[in-house]
Amino acid sequence: MLRLEPRAEPSRLMTALTPLIAVTATMIAGGILFWLLGKNPFEAIRIIFWDPIFDENLSSYARPQLLVKAAPLILIALGLSLGFRAGIWNIGAEGQFIMGAIFGAGVGLAFYPADSVFIFPLMIIAGAIGGFLWAMIPAILKTQFNTNEILVSLLLVYVAEFILASMSLGLLRNPEGAGFPGSRNLRSYESAHNAELITNTGIHWGVITAVFALVAIYVLLQRHMIGYQIRLAGQAARAARFSGVSPNWLIITCLGISGGIAGLAGMFEVSGPSGQISIDFNVGYGFTAIIVAFLGRLNPIGITLAGLLLALTYIGGELASFQLGLPSAAIQAFQGMLLFFLLATDVLINFRIRWRHGVAA
Amino acid sequence: MTDFPILALLAGMMVAATPILLAGIGEMVVEKAGVLNLGVEGMMIIGAICGFAVAYETQSVTLGYIGAALGGAMLAMVFGVLTQFLMTNQVATGLALTLTGLGFAALIGQPYIGIKGITVGDVPLGPLRDLPVLGPVLFQHDAMVYVAIFIVACVWYVLRYTRTGLVLRAIGENHHAAHALGYKVIATRLTAIAFGGACAGLGGAYLSLVRVPQWTEGMTAGAGWIALALVVFASWRAWGVLVGAYLFGGLTALQLFLQAAGAAIPIEYLSMAPYIITIVVLVIMSSGRARASLSAPASLGQPFNAST
Amino acid sequence: MQSAVQTLGDRFRVAALLTLDSLTKAYPGVVANDDVSFEIGVGEVHALLGENGAGKSTLVKMIYGLVRPDSGTMTFDGAAFTPTDPRASRAAGVGMVFQHFSLFEALSVAENIALGMDETPPDLSLSIRNVSQEYGLALDPDRLVGDLSAGERQRVEIVRCLLQNPRLLVMDEPTSVLTPQEVGTLFQTLRKLRAEGTSILYISHKLEEIRQLCDRATILRRGKVVGSCIPAEESARSIAEMMVGAELTPPVGRVYSPGEVLLSVTQLNQTSADAFGTSLKDVSFDLHAGEVLGIAGVAGNGQDELLAALSGEVRAQPGAVVMKGESVGDHGPNHRRMRGLLTAPEERLGHAAAPDMSLTENALLTGWGRQRLHNRGFIKWTSTANFARAVIERFDVRTPGPANAAKSLSGGNLQKFVIGREILQSPDVLVVNQPTWGVDAAAAADIRAAILELADQGAGVVVISQDLDELMEISDTFAVLAGGRLSPVQPASGVTVEEIGLLMGGTHAAA
């Protein structure tokens, strides 16, 4: 029979290899899924993973989109990875993303129609504060009352969504919008517009921030005591307390950083690609970022690659839906499967699989 | 007070409570066995679409519920295999279950969007229906309202008075000791996980067959997470889940009534009330000097590997 | 060795109840049991002796059906015995009392006992009361096990076995959690069982106990049977030498001249964070330069809580802990380390060290502040690796290098690393909990020597231990922790085991 044998040390090879195995397995399972839906699986896989980057007609649209969609995923996932490493489960990034967007857009719209170079930086700060404050709710409830942060952060996503609805119907509604829900479009308000910085690359301030965050988080984890304490707390909570790490400080730090970054991502999204506060401007980046964080092994570089891959599935999914009539939900299912396969292959890192020969019993 | 429809509210409470009651009691059994499955939302929504689709295709509510229970249990078994055999992190796997469940449900549900579901009739309780006050509140419901209560009673009895229940609790308390005594930790947990999935599936199906009743994407809208909170509220006691679900159902019914009555509060703020109240309740339950954590099964969420 | 076993068997002339023949069980990288053969007679108390890691636990697991041998056979009462699970083993008549109790804290005594039986008698509570009266094992069936003392918990296990009328009772290190008085009570129970014809396999490394109780002994070393004897006819030292495989040299006495007070603990009260833990009540003591203070006590009497209160993991009132004149009671671990108060907890993996982290990272765990291994938060990895390497070299830690994970080290080596990490930081006061628990004899001797050397250099050391022999060997002064209260500190010379026993009985001396 098959049995698992613990390894003395986690396998580095498998740590790097398992995401690739998981992606391959997901492609196979996804292919079967598409085939069951009556689509040509090879064509579907090609459209999703190949055409956005390499097809001559499509890539001019799709390549910039890759960075536009990857930036929020990578940003949020980088923040989440800190908490996940420490065993602090912020799964409400979607809510912090929304609140960052509302704060950021709110500040921008408050200045309308003034023209100043200070408006956009202020919006960035406000976005980070919005996400940070929203994440402080589960953080403070956890430190003060020992309330489960998983449930609180998640439930707050629904609350944030209703606040968003209220904002786009009320406070932030475009006064010149003929009564339609949604705010003014920030893309047509230059001082508040998170514009494309280099034409046809998709690079906007969010992408720049993601690169900066990548370096900062990498250095934090590899070289800084905070990163060390986060890793220590995740691997051995008692040892961390013994070392002198305060659990409450860690909760506030991890939730604060991940909330602030998610808020930033929301602000960059609403002031650029999406353009306005509307009832459903958020497309679930906060949840997909959880997949990105795990697929990237909670490692900053891995997260960057995983963010690009998931962004690719978003764009490829759109193309497949357009060209093959593949339902957009299929991509969501596909992304979920990816996480499952990754978790399933995780076992190879810490265990060896051995055949045990039958024992005479 | 004259036009305040207290009876309708109480009747609405029983209906609003049933989905989270079913999902909550299932999850409580799973947690009693020492497993934390955060995928309740995913299993509920799979149950919602499976129940709706099967009931619509077969024109049978019963078959719909059976389909929903099977769908929920099947998804739960994915979680079971991953966490019990491959020892994956239970939190991450539960989240994956929710994300995947939402995706697959949306996929399966494509052809059913906008279709009117089949009618689910009330249980013919004869003269009981006509009782003053009690009749409209308690005895004019569909069968699943009563099945849910029956399941709670069964869970309570089994956990408290049977050997199976004792073994399940023991495994949730200390899986190493249970293993040393020769009990099958993984098999028991898999059974509990499947039961939890089936219950969550039924809860989801109740939404799509009775409560709404039609299929819309993301229709569970956090009910699975509220069911998880319910287990904490109940301090892992079966009747506690029932009380919690009914309190919550009552608040939901009241909120809906206020919306319909055109109260001065904007709809968005009324709609977010259930989530905020759930958070407040969680805070109260967890702050009582770690009271809730005291009754939590000691092995909750910890992986078990017999070979070590 | 085979012949010796048979000779002794002949001398006893009792029918064999359980015969083990050439049992072998290998795990990856280690042969836990290698060709193990011996037999246990009807109505015999048979000792199985060996150091930690000698293969005792594996052997017991095979008898109880938790592990299947790779080769070899067992015969129970004349029939082939191949239990596939504990249930089968229980059905054959084997009862097992585990070293780490297989009990459920949140369940009642009766529920715990029911779980250990395959068929529950109709009136379980009554049966429990009867058995506990018959064998002098007082128990209340309705109490939660979490609220019981270690001694009471062991009674639950024993009663659970006795209710099934076992023919062979296996006891794994039963006295490690008992006070000397409780040990006396246990031995009476065991002797009564023997008189009734029950066989007992008694696993221990406590030689005096075995000499008092056991009829025969089989000695294991590195998975092999290396000898057998009649304990009553041997000296503790000769058995110990068989166990360790080397001649033992008694420790050299040390001259102790107390210096200034380094650490002063005054009326330390601490509610335990653990629901089933023991709260500290009015703990007070002074520790002087050059002093080794031994703190004895049965497990679960506040040892972990005392260590946490001294390390700073749990904060106290400011003045409750005073280090070299400075109140540090309300400060955390790093502040205290900077002031010279260092600690080493009992649990190596997960508390003193992070299992999956490298030794370098584990060196950083307590050394980051005191050894200045960071610069404004940025870790100096080279200095950290050098510090880890220094610990490895100075304390002879057997490992390929500081990049290896903590969990890849054997218990003894990791303990040397953990204690060495603190000693190398030149503490003024070192507090260690169970420094040699689960450590082989050679490593234990090294650790004790290092502790004494540290005290010779003028540091104060607090050794919390459940091993009385160890405390007697290295302590200058002595106190007992019982029920969260610390007895007055007294000179170690001249304390008798009886005195200690009475102190250890503390709040639950009723046993």
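User: Before we start, what makes a residue "buried" here?

Analyst: A residue is buried if 20 or more other C-beta atoms lie within 10 Å of its own. This is a predicted model, and in helix H2 of chain A the residues that meet that cut-off are Ala44(A), Ile47(A) and Ile48(A).

User: Why are the buried residues of H2(A) said to line one face of the helix?

Analyst: Seen down the axis of H2(A), the buried residues fall within an arc of 95 degrees, so they line one face. What they pack against is helix H1 (12-36), helix H3 (51-54) and H13 of chain A.

User: Let's follow H13(A), then. Why are H2(A) and H13(A) called oblique to each other?

Analyst: H2 covers residues 41-49 of chain A and H13 covers residues 300-323, and their axes cross at roughly 130 degrees. Angles over 145 count as roughly antiparallel and 65 to 115 as roughly perpendicular, with oblique kept for the rest once roughly parallel is also set aside. A crossing of roughly 130 degrees is therefore oblique. The axes come within 7 Å, and the crossing is right-handed.

User: Which residues of H2(A) make that contact?

Analyst: H2(A) brings Ala44(A), Ile47(A), Ile48(A) and Phe49(A). Among those from H13(A) are Leu312(A), Gly316(A), Leu319(A) and Gln323(A). By class, the contact has 7 nonpolar, 4 polar and no charged residues.

User: And what makes H13(A) roughly antiparallel to H14(A)?

Analyst: H14 of chain A spans residues 328-350, and its axis crosses that of H13(A) at roughly 155 degrees. The cut-off for roughly antiparallel is over 145, so H13(A) and H14(A) earn that name. Their axes come within 9 Å, again in a right-handed crossing. The contact includes Tyr314(A) and Ser321(A) of H13(A), with Ile331(A) and Phe334(A) among those of H14(A). Its residues divide into 4 nonpolar, 5 polar and no charged.

User: Now for the chains. How do you know that chain B touches chain A?

Analyst: Two residues are in contact if their C-beta atoms lie within 7 Å, and by that test the contact takes 42 residues from chain B and 38 residues from chain A. Helices H3 (61-85), H4 (90-109), H10 (223-233) and H12 (267-287) of chain B each give two or more residues. On the chain B side, there are 28 nonpolar, 13 polar and 1 charged residues.

User: What about chain C: how many of its residues are in contact with chain B?

Analyst: Here 16 residues of chain C are in contact with 12 residues of chain B. On the chain C side, H4(C) gives the most, with 3 residues. That side divides into 10 nonpolar, 2 polar and 4 charged residues.

Note on methods: Residues are numbered from 1 along each chain as its sequence is written. Chains are lettered from A and ligands numbered from 1 in the order in which they are written. This is a predicted model: local features need pLDDT of at least 70, side-chain atom pairs count only at pLDDT 80 or more; totals for chains, interfaces and linings use all residues. Axes are lines fitted to C-alpha atoms, for helices over the stretch in contact, and angles run from 0 to 180 degrees between N-to-C directions. Helices (H or I, at least four residues) and strands (E, at least two) are DSSP runs, numbered from the N terminus. Angles under 35 degrees count as roughly parallel, over 145 as roughly antiparallel, 65 to 115 as roughly perpendicular and the rest as oblique. A crossing is left-handed if the near helix is turned anticlockwise from the far one by less than a right angle, and right-handed if clockwise. Ala, Val, Leu, Ile, Met, Phe, Trp, Tyr, Cys and Pro count as nonpolar, Asp, Glu, Lys and Arg as charged, and the others, Gly among them, as polar. A residue is buried if 20 or more other C-beta atoms lie within 10 Å of its own, exposed if 12 or fewer, and partly exposed in between; C-beta atoms are placed from the backbone. The arc is that of the directions from the helix axis to the C-beta atoms.
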